Each structure stands twice: as structure tokens, then as C-alpha cells.
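Work through the exercises below with the sequence and the model in view. Each task is followed by its solution.

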Amino acid sequence: MKSDYQNDYWQPQFDSEFMKEQFERFELLSAYLDGEATTEERYQIQEWLDNDYEFKQTYLKLLRLQQEIPQIPIPIPSISADKISQRVFQQINQEKRRLRFLFLGGMTVAAIGIAAISSVFMGNVDLFQPRIQTAALEVESEPLMIALNQPIFDMPVDQ
């Protein structure tokens with residue numbers, strides 16, 4: 001979403017000439033404080049400082065800000081840069097391993113799916129009706145004998 005104050009080239013857009021003039025004055029003041037203003041610009045700024053109370057107040061605030069920024073203490077990091085870089089590379093390696101695992105798993109699932117589909121279309125396997133394989137039993141052509149009164153062999157009798 002583009003800001004109302006910026007165009008596609010990150011240039012400020014102004015609703016009025018007054019706002020445009022204020023912005024240009026602020027930019028010139030910033031250049032003056034940074035030592036980047038030309039001689040003519042420095043004379044112009046000096047005139048504004050002498051005659052415009054609000055401009056002078058802005059100048060004093062920016063000057064104070066410029067003086068206090070270097071005095072802000074720099075926090076000491078609790079973790080060294082080497083440790084941070086090690087953790088970053090560890091996370092990158094873990095992500096690579098995870099992606100490799102997902103890729104190989106996906107390839108395995110795809111291979112199984114292709115094998116199943118090709119076997120269905122080739123007619124080798126019917127996935128919805130499992131094939132029951134029965135072993136062919138060889139039956140000898142001997143008649144069945146039943147001995148009711150006379151056993152075929154003698155049974156031992158315990159005494």
C-alpha cells in the first residue's frame with residue numbers, strides 16, 4: 001500500500017505550496033547542520049534563523065538531537081556474531097534436510113501411486129477385489145475306506 005505522502009519514486013508529494021516550502025526549508029536546514037550547504041544556502045538559513053522563531057526552534061531541536069545521538073550508549077549484544085551465524089546456518093541446514101525429506105517422501109508416494117495405477121491398467125492386479133490364491137491340492141485316486149467294526153490296525157490295550 002502506497003503512502004499518501006510518497007509517490008512511486010519515493011519523492012514527497014505535497015498538498016500545498018506551504019507544505020512544499022516547509023519541506024524544502026527543513027531539507028536545507030538538515031544540509032546546513034551536516035555541513036553540506038553552499039555559501040548562498042548558509043546565508044539564507046542564517047536569515048531564517050534571525051527572523052523566524054519557529055525555524056530557529058526547529059534548528060535548536062535538530063542541533064540538540066545531532067549532539068546527543070553520539071552519546072547514546074550502544075548496547076552490548078548478549079550473543080556473539082559467530083554464535084548468531086552458527087545458528088542461522090544450522091537453521092538453513094535443518095530446512096534443507098526437511099525439504100529433502102519431503103521431496104524424497106513425495107517421490108516415494110508418487111512412485112507407489114504410479115506403480116498401483118499402472119498395474120491396474122495393465123490388468124495384473126485388481127485393487128478393489130483382492131485375489132485369493134488357492135493352492136492346487138493333488139488328490140490321490142484312492143477310495144475312501146471306513147472301518148466301523150473292524151479296525152485296519154490293531155490298537156494296543158493297556159493292562
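**Exercise 1: two helices that cross**

H2 and H3 are roughly perpendicular to each other (a label for angles of 65 to 115 degrees; under 35 is roughly parallel, over 145 roughly antiparallel, the rest oblique). The model is predicted: local features need pLDDT of at least 70, side-chain atom pairs count only at pLDDT 80 or more, and totals for chains, interfaces and linings use all residues. Residues are numbered from 1 along each chain as its sequence is written, and side-chain values use heavy atoms, without hydrogens and water.

Task: find the angle between H2 and H3 and the residues that meet.

Solution.
1. The packing angle is about 110 degrees, and the axes are 6 Å apart. Angles run from 0 to 180 degrees between N-to-C directions, with axes fitted to C-alpha atoms, for helices over the stretch in contact.
2. From H2, Ile-45, Trp-48, Leu-49 and Asn-51 meet Tyr-53, Phe-55, Lys-56 and Tyr-59 of H3 (contact is heavy atoms within 4.5 Å).

**Exercise 2: the faces of H2**

Task: decide which residues of H2 are buried and where they lie on the helix.

Solution.
1. Ile-45, Trp-48 and Leu-49 are the buried residues of H2 (buried is under 20% relative accessible area, exposed over 50%, partly exposed in between, with a 1.4 Å probe and protein chains only).
2. Viewed down the axis of H2, these residues fall within an arc of 100 degrees, so they line one face. The arc is taken from the directions from the helix axis to the C-beta atoms.
3. Glu-40, Tyr-43, Asp-50 and Asn-51 are exposed on the face turned away from the buried side.
4. The buried residues pack against H1 (17-33) and H3 (53-68).

Methods
Helices (H or I, at least four residues) and strands (E, at least two) are DSSP runs, numbered from the N terminus.
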